[in-house]
Each structure stands twice: as structure tokens, then as C-alpha cells.
Amino acid sequence: MHVRRIVVLDVREILVNKGEPFHVIMASVESLGSDDIFELHATFEPTPLIRLLSNRGFHHAVRTLAADHVVTQFAREKRHLPYWYLDNRGLEPPQPMLRTLALLDEEPQFQTGTMGLEIWNDRVPVFLLPEIEARGLTYEIVESDDGARVKLYKSANSLP
């Protein structure tokens, strides 16, 4: 059985040195399993790559961490809005909860409802669920062989 993973590639140094990271990026994309996520760290939003991978069935979500640090995640899973993925598996409590809450609090797209968040935990995060509800988010839990996937999003009827 293939364990779902997030494949991270940081090409900022290549870009700063005026290099061309396309072949490195495509090698990472080609290495993906069918349900893996590709996470690209770049110095700008990679619009041409987004278009190219969109034509190959990928959907994307973008977070700008700094003026020269844009992170884009690509997934094949089709959703009604962009989703960000956070892998908390293998972390000792309370790290999964702290990482999730920090991300929810620092990224405004989750609160505005323009992006959803899917976290991957070893088990259902029972202590996190009331915190999610307190932030006005809805959640869905799917348990599988490799842990619990929790989808968090702002539902239309929870908007202020």
C-alpha cells in the first residue's frame, strides 16, 4: 500500500542564482504517487507551471510567506475550493495540534473561506476539534490505514 506523502521541493536558490529549475520540478512531479501532494517553494507564484500542471489534472493552492517566498501545493484531488495539506503524522502530541492551530491563525484564506485545510494525523485529533469549531470552521474526518485525514473549511452557513 502506498502511504500518501507531501513531496517538497525548494527552488528559490536556483532562481536567485538565475538558474532554470524546470527539469528538477518536472522530475519531482513525475515521481509522485497518484494521491501525493507536490509542494513547491519559489520566489514568485509559478503561473506557467500552474497552467501546465492544471492541464495534467492538478489543482493548486498558493500561500505567500514573504515577498520572495511563495509556496504552491499541487494535488490531483478535485475539490470545490483550493486545499492546503499538512502532514502531522509521526509527531508527538501536542505538536500536531499546535502546528495546525498556528497555520489556521496565520493564513487568512482559511478564515475567509477561500481555502480549505486537510491535516493528516496518526489518530483523530479529539482535542483539536473544539478549537476548530471555535474558529468557525467545519470539519470532516476520514480514518484510513495511514491515520486520520481531517478536512477543515469555512462552510457557507458559518460565515459571519
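Which residues of S4 are buried on one side, and which on the other? His 69, Val 71, Gln 73 and Ala 75 are buried on one side of the strand. Val 70, Thr 72 and Phe 74 are buried on the other, so both faces of S4 are covered. The model is predicted. Its sheet is open, has 4 strands and follows the order S1-S2-S4-S3.

**Sheet layout**
- Pairing in the sheet is mixed.
- Strands S1 (6–10) and S3 (59–66) stand at the edges.
- Each of these two has a single partner strand, so one side of each lacks a neighbour in the sheet.
- From one strand to the next, the twist averages 15 degrees.

**S1 with S2**
- S1 and S2 (residues 37–42) run parallel and are joined by 5 bridges.
- Leu 9 stands opposite Leu 40 in S2.

**Helix H3 on the sheet**
- Helix H3 (residues 47–55) packs on the sheet.
- H3 touches S2, S3 and S4 (69–75).
- The direction of H3 makes about 5 degrees with that of S4.

**S4 and its partners**
- S4 is mostly covered, with 7 of its 7 residues buried.
- S4 pairs with S2 in the antiparallel sense over 5 bridges.
- Ala 42 stands opposite Val 70 in S4.
- S4 also pairs with S3 in the antiparallel sense, here over 7 bridges.
- Val 62 has Thr 72 in S4 as its bridge partner.
- S3 and S4 form a hairpin, with 2 residues between them.

Notes:
Residues numbered from 1 in each chain as written. Predicted model: local features only at pLDDT ≥ 70, side-chain atom pairs only at ≥ 80, totals over all residues. Heavy atoms only, no water. Pairing = 2+ DSSP bridges. Axes fitted to C-alpha atoms, helices over the stretch in contact; angles between N-to-C directions. Contact = heavy atoms within 4.5 Å. Buried < 20%, exposed > 50% of the residue type's maximum accessible area, 1.4 Å probe, protein only.
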